[in-house]
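Welcome, and thanks for taking a look at this one. Please open the viewer beside this page, since the points below are easiest to follow with the chains on screen.

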Amino acid sequence: MAITDDVLVVGGGIAACTAALSAAETGARVRLLAHKKSTLRQASGLVDVLGYAGGDGPLSDPYAGLEALPESHPYRVVGEDGVRAGLRIFDEAVGDAYRGGHTDSNALVMTHGGAVKPTARYPASVAPGLASSSGDTLLVGFAGLTDFDAPVAADHLAAAGVPFSARGVTVEFPKRFRADAKVTRFAKALDRDEDVDGGTVRSVLADTVADELDGESRVGFPAMLGDDRDEDVRAELSDRLGVSVFEVPTGPPSLLGLKLEDMLFDALDEAGVRIAAGNPAVDFEADDGRVETVIVDQKSRPTPYSADQVVLATGGLVGKGLDSDRESVTEPVFGCHVPHPEDRYDWSEPEAFDDHAFARFGVVPDDELRPTDEDGEPHFENLRAAGGVVGGADVAREKSASGVSLATGAVAGRLAGEEATR
Amino acid sequence: MKKSPSVLVIGGGSTGTGIARDLAMRGLDVTLVEKGNLTHGTTGRMHGLLHSGGRYAVSDQPSAKECIEENRVLRRIAGHCVEMTGGLFVQRPEDSDEYFEKKLEGCRECGIPAEVLSAEEAREIEPYLAKDIKRAIKVPDGAVDPFRLCVANAASAVEHGARIETHSEVTDVLVEDGEVVGVEVTHQTGTGPYVHGEPGEVEEICADYVVNATGAWAGQIGDLAGVDVEVRPSKGVMTIMNTRQVDTVVNRCRPKGDADIIVPHETTCILGTTDEEVEDPEDYPEEGWEVDLMIETLSELVPMLAEARTIRSFWGVRPLYEPPGTGTEDPTDITREFFLLDHADRDDLPGMTSIVGGKLTTYRMMAEQISDHVCEKLGVDAECRTADEPLPGSEDFTVLRDYMDDFGLRSPIGRRSAQRLGSRADEVLNSVDPNPVVCECEAVTRAEIQDALDTAGTDLNSVRIQTRASMGNCQGAICCHRMANELAPEYDEETVRASLDDLYQERWKGERHAMWGTQLSQTALKHMLHAATMNRDEDPAAADADIDFAAFDDGGASEGDASGVASGGAVADGGRERAADRADDDALGGADGDN
Amino acid sequence: MSDAESPGNPTLTPDAQTDDFEAVEVFPDSTDMDLRPGADNCYKCTACDVSCPVAEVDDEFPGPKFQGPEQWRLKRKEDEAVDDSIMSCSNCMRCDDACPSGVPLSQMHNTARGEYVDEQMDKLSREYIRNRILANYGTLAQLGGMFPRLANAVMGNSVVQQINEKLLGITAERDFPEFATQTFREWWNERGGPQVRSEEKRVAYFHGCYSNYNTPEVGKAMVRVFESFGYEVVVPKQRCSGTPMFANGMLDDAKRAAGINVDNFAGLIPEGYDIIASCTSCSMSLRQEYPELFDIDGIEDLSAHTYEALEYLRIHEDLEGAVREASVDDQSFAYHAPCHGRNQGLDRQAVELFRQLDGVEIEDVGDSCSGISGTYGWKEEKYDKSMQIGADMFDHMEHAQGSVGMTECPTCSMQMEHGTGYDIKHPLQLLEEALV
């Protein structure tokens, strides 16, 4: 017998979690069907709503840029209300762990390469180190961690015109690890405050950095200052140094992204959403224009899940919600139409940072976020889509990735929940 | 003391550096000029095959004989540049038996060791061969790294007193009294130990003899000298697979045609190739049908190629030449033999000889012949020793080490590093501490990158060529900014950024030919990392307009966050709650929403 | 370039070539597998590295991304270059669960480990001998099961434990699990086999070493619960599922055991039986590692028909309904989802199910690894690491309301008890209490 729910959300990333939370708010019985861990682990952990649009940017007011986006952009479909709804759900789910909700304006955050980027929400540990706030800055990197070169990053910030002085130093981590130790090892050592020669990891690190300080009012590290006890770690370092301590978001592996993933799943648990994780949705059964069941491959055995309403939030090219071969681009679960140029050489441009067609690949939503076919008709009455699987947005260049996921997730989830509980 | 005669060699590919080494070892005063980096031309864009000669055993036996001879020499003198993979000529059911037998006979006639294998035996060597192949011929093909080979020759030449000038383009051939006396070079922008001129600086270099070893560009140099050298450049595609589906060179046993070879190369396989004549060796179309052809045809030999991941494709241009009047139409049929064109004899212009045609496998022989010729012209009596002395890096070394003990490296990483560095491994791998891995896909450590920077200056593409960093499955997504960071602190941040952009764009060019399937997902991830997370596409440091920082969220003074700790004071309240923490607050047994 | 051909020259005619030929057995031994193509799926997202509990506490462990796709891709076929850090991988398989791109990580790790043990490990070394012993727990348990009281006395003796540590490298910190005075199979035979017969509802029980020799109450619970739903339960002859063997690179041992299991179970499938395992590592092994590593006739079928006990009832019966109507004495549990259960998508089932059982409070102690990972935590040089990995779980258990632990995996159960002193139950035992 199939396991039955009101709303089935297929996916496990930020869009899927938002859709599930949003659907749960309507009182519907919601189940999340996640496959693997989400792409948040590769992302910086920041929540970008809109940083660049219509040739302008960085935008200090993301809402001002919405109108400049093309008609087919998901933001134009859900409107400013949709964007705000997504942010509301996010803010409630993460609580104090993220900042930026006190204003509509974007903040400017340092990147681990030393550039500066606009974003709408940032972790509490990043807040003291905003590039759009003042304070002479010391950046600290570690010799064995090649992704973050503090002196280069500091010089880059200066070249970017930040309104404060920035200096970078490379130091030894208090514990001598093998050169290819993972970043989680460093974070654990800080969490547990392991013993080292001359004290503990935190105290010795503070001593090392104190030697380097020269009047700066804040010190930034790459985002590895602990995982479970991150607030303890940062507070202790800050106390010992007598200055603010902040984290610089990084690329993969991103501990900030990992923590955000944990927060979202905690919120799902609290909202009573059921979660079935670990196996992929591979097929479906439909009747009379409605999806009846979604079939999950449970270790080579098909297991059916049925629901009144379904939200597809499986991700884009990175999340593997979109597939491709030498000829075409497809959506593998429901076979939704994904428009793409016929010649695959038109999927990208010769210049690396140009407006690539592939960056906008995805399903085409109607005004209820239902994926449509070549004729513009929804594939299924009760199937909606959210997040990276939805096309029309160049989230990499616009700096809008999380925002699109939040907005479409919130709206698709609410519509699905409302329909199911009607 | 009588001054040694001076020779000017134009062209920094395998032929040019081979000639420079040979003549320098014979005591001549050699200068080599190359308009780009070493291996800028065909040498840097070939499929890495060390021929056994099998491919020419039927159609071009003189070439075949040269190949097998040099195959043996290179194995001896260039151990760290060569991998003896062995080769197979595989016959499918639709390929003719007649040709198979011709091939076998041809190999024997040319002295190429050849052994017939049954399909079963062939598939024991290469399990991924198609199940319905008929049989195969085993030959001693190998895989060669052309970059390492070239760099080693150049290093050897310098050891023997030669002068090497890269980024020095020949802009005129100097002729006085009807004789070639030297060249005029214009220095280009570039860095590295072989760059001595200022960009834009024009220099005249005089020499007793000039050798034109510019391959596909031989005609252009000829024009500068006022002679006709009709090279017929022909392009060929090389499609690079992400992993090694085969560890042996796999050839199709049928008359030479497109898409008939798979060459294992380092961590990848290279599928080749096409043969289309082009006008300009630097400007020709790179076409998708060529990539599709490689995959579709070669999956007839190795079926998994149809679905396997490619990481990029690139093109090279062959410097084909045939004596005027031969009139061959299809470039596939043009001989691969090499020719010495003494312009004194054919054009009444003494002082210069061009060397055209040939292939990388026979570079040393070509160099020997032309060096003999030059020495004869200059009245120098000296023997060629290039076949006897190993190249730098190929002196006695073994890859059977305990890499953790010797270098603190994991086995596969140590092994790959030692394979690249050869006898220099100890010197290089112990030179830096800590020595983290910079390029994880290709196992390149910081020490090796720093060593490569000694000869590359700020040119990360040159580092890439030497070390293979950014040539793996992520095509630099994860490592190219790490590579750039290695330029600091010797170079300033602006230079670091510019070098990163160059490398990134260069990787992008070839990646576009592989953007589907997992590689498209890889590209999308790379794009997200560099644009969304790092904002390199809208880098304010590169922008014209200034940002008004004050217009943005400054964190909100009301947060009361002077110490940077979560508001609310006590640390235990800050940050996120975990389910277990919440369990204290509300008994989970009664969560709503499930029934 | 004439068409020179030497007619009738025998050297030109290849030998033994016909049109029909046998496909070459490409992978006669599992250690001959070439998993380099698995690296094609890796797009370097590092999701696996951040899930690895060993990398988090051990800086000498380079993580699953290196052990799997990177190491394989760097190999040349004949290279004997598997890094010895592969022996520090605990085979918890959390990396599999994390990879968004379908890289066959644990398959690559298991195969590399098998290769390492085969080609690079000294068979006379203490490490090898110790690992062989631990991997073949089933055989040892057989002996212990014959003389349970004696075995318990001997293994429980602290001098013996010290000798084990000094001589073999088996940690003295842990108490050896006790042997039950009557094994599950002995009980089964004594009661006369199945007490319920059915044409349509039939299951074959794969009890695993532990439920047979150490905690037969779990096996008994399984039988009673399934019989109460009307199932005919049979208990065929069986060997160890192989989990401890994979983790120690003893792939030949595992293959032998697999062959016997396939022989005994696969034949039941056409008769309508499904295979039920109560240990999540057993079900994991039968469902994933078996078809990945061994090419045995019938193994795919076996894999497709294997279920975990609770999972089976959730799908085939109205288990939730039955539970909702039942009630038990008040009790409070701290549940830990085993890593191998997580991979089968089973990490939420116990909590979501028992929340609805009147009288029960149950909470999940978080998604960390327990740290013992089967034989891993028994090795003297790994003991500290296993306790460090489990530290988070111990914290959460102590923090939680319940003072009884619950989990489906026997070694997790050992770890939970070792770290907190709690009693540990299997979900089947609670089900038995509620429904039988």
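What follows is a short briefing on sheets, helix pairs, a cavity and some backbone details.

This is a predicted model. Two open sheets are a good place to begin, one of 6 strands in chain B and one of 4 strands in chain C. From there we turn to two helix contacts, one within chain A and one joining chain A to chain B. After that come the second largest cavity, with its volume of about 560 Å³, and a few backbone points.

**The sheet in chain B**

- The 6 strands of this open sheet in chain B are ordered 9-2-1-13-21-20, and their pairing is mixed.
- Strand 9 (163-165) and strand 20 (338-342) of chain B have a single partner strand each, so they stand at the edges with one side lacking a neighbour in the sheet.
- From one strand to the next, the twist averages 15°.
- Within this sheet, 5 bridges link strand 1 (residues 6-10) and strand 2 (residues 29-33) of chain B in the parallel sense.
- To find this pairing on screen, look for Val9(B), whose bridge partner in strand 2 of chain B is Leu32(B).
- Helix 1 (residues 14-25) of chain B lies across strand 1, strand 2, strand 13 (209-212) and strand 21 (352-357) of chain B, and it runs at about 165° to strand 2 of chain B.
- Helix 9 (residues 363-378) of chain B also packs on the sheet, where it touches strand 1, strand 13, strand 20 and strand 21 of chain B. The direction of helix 9 of chain B makes about 20° with that of strand 20 of chain B.

**The sheet in chain C**

- In chain C, an open sheet of 4 strands follows the order 6-5-7-8, with parallel pairing.
- Its edge strands are strand 6 (358-364) and strand 8 (423-425) of chain C, each of which pairs on one side only.
- Here the twist from one strand to the next averages 40°.
- Strand 5 (residues 327-335) and strand 7 (residues 404-406) of chain C run parallel and are joined by 3 bridges. One residue to look for is Ala334(C), which has Gly405(C) as its bridge partner in strand 7 of chain C.
- Helix 23 (residues 427-435) of chain C packs on this sheet and touches strand 5, strand 6, strand 7 and strand 8 of chain C. Its direction makes about 170° with that of strand 5 of chain C.

**Two helix pairs**

- Helix 4 (residues 183-191) and helix 5 (residues 201-212) of chain A pack at an angle of about 105°, and their axes are 8 Å apart. That angle makes the two helices roughly perpendicular.
- On the helix 4 side of chain A the contact uses Ala189(A), Leu190(A) and Asp191(A), while helix 5 of chain A brings Val201(A), Arg202(A) and Leu205(A). By class, this contact has 4 nonpolar, no polar and 2 charged residues.
- Across chains, helix 3 (residues 150-159) of chain A packs with helix 16 (residues 493-511) of chain B at an angle of about 95°, with the axes 9 Å apart. These two helices are therefore roughly perpendicular to each other.
- Val152(A), Asp155(A), His156(A) and Ala159(A) of helix 3 of chain A meet Glu493(B), Val496(B) and Arg497(B) of helix 16 of chain B. This contact has 3 nonpolar, 1 polar and 3 charged residues.

**The second largest cavity**

- The count comes to 12 cavities of 30 Å³ or more, and the second largest cavity has a volume of about 560 Å³.
- Its lining has 33 residues, and those nearest its centre are Leu145(A), Asp147(A), Pro253(A), Glu440(B) and Arg482(B).
- At least two lining residues come from each of helix 4 of chain A, helix 1 (47-51) of chain C and helix 3 (64-74) of chain C. Helix 3 of chain C gives the most, with 3 residues.
- By class, the lining has 17 nonpolar, 7 polar and 9 charged residues.

**Backbone details**

- Most residues other than glycine have a negative phi, and most peptide bonds are trans.
- The peptide bond from Gly272(B) to Thr273(B) is cis, with omega near -25°. Thr273(B) sits in the loop between strand 17 (268-272) and strand 18 (276-277) of chain B.
- Asp433(B) and Pro434(B) are also joined by a cis peptide bond, with omega about 0°. Pro434(B) is found in the loop between helix 12 (425-429) and strand 22 (437-439) of chain B.
- Lys320(A), a residue other than glycine, has a positive phi near 70°. Lys320(A) is in the loop between strand 16 (302-312) and strand 17 (323-324) of chain A.

How values were computed:
Residues are numbered from 1 along each chain as its sequence is written. Chains are lettered from A and ligands numbered from 1 in the order in which they are written. This is a predicted model: local features need pLDDT of at least 70, side-chain atom pairs count only at pLDDT 80 or more; totals for chains, interfaces and linings use all residues. Side-chain values use heavy atoms; hydrogens and water are left out. Two strands pair if DSSP finds at least two bridges between them. Axes are lines fitted to C-alpha atoms, for helices over the stretch in contact, and angles run from 0 to 180 degrees between N-to-C directions. Contact means heavy atoms within 4.5 Å. Angles under 35 degrees count as roughly parallel, over 145 as roughly antiparallel, 65 to 115 as roughly perpendicular and the rest as oblique. Ala, Val, Leu, Ile, Met, Phe, Trp, Tyr, Cys and Pro count as nonpolar, Asp, Glu, Lys and Arg as charged, and the others, Gly among them, as polar. On a 1 Å grid over the protein atoms alone, a cavity is a set of points where a 1.4 Å probe fits but cannot get out, and a pocket is an open set with protein on both sides within 12 Å along at least five of seven lines; lining residues have an atom within 4 Å of a point. Grid points are joined across faces, edges and corners, and a volume is the space filled by probe spheres set on the points.
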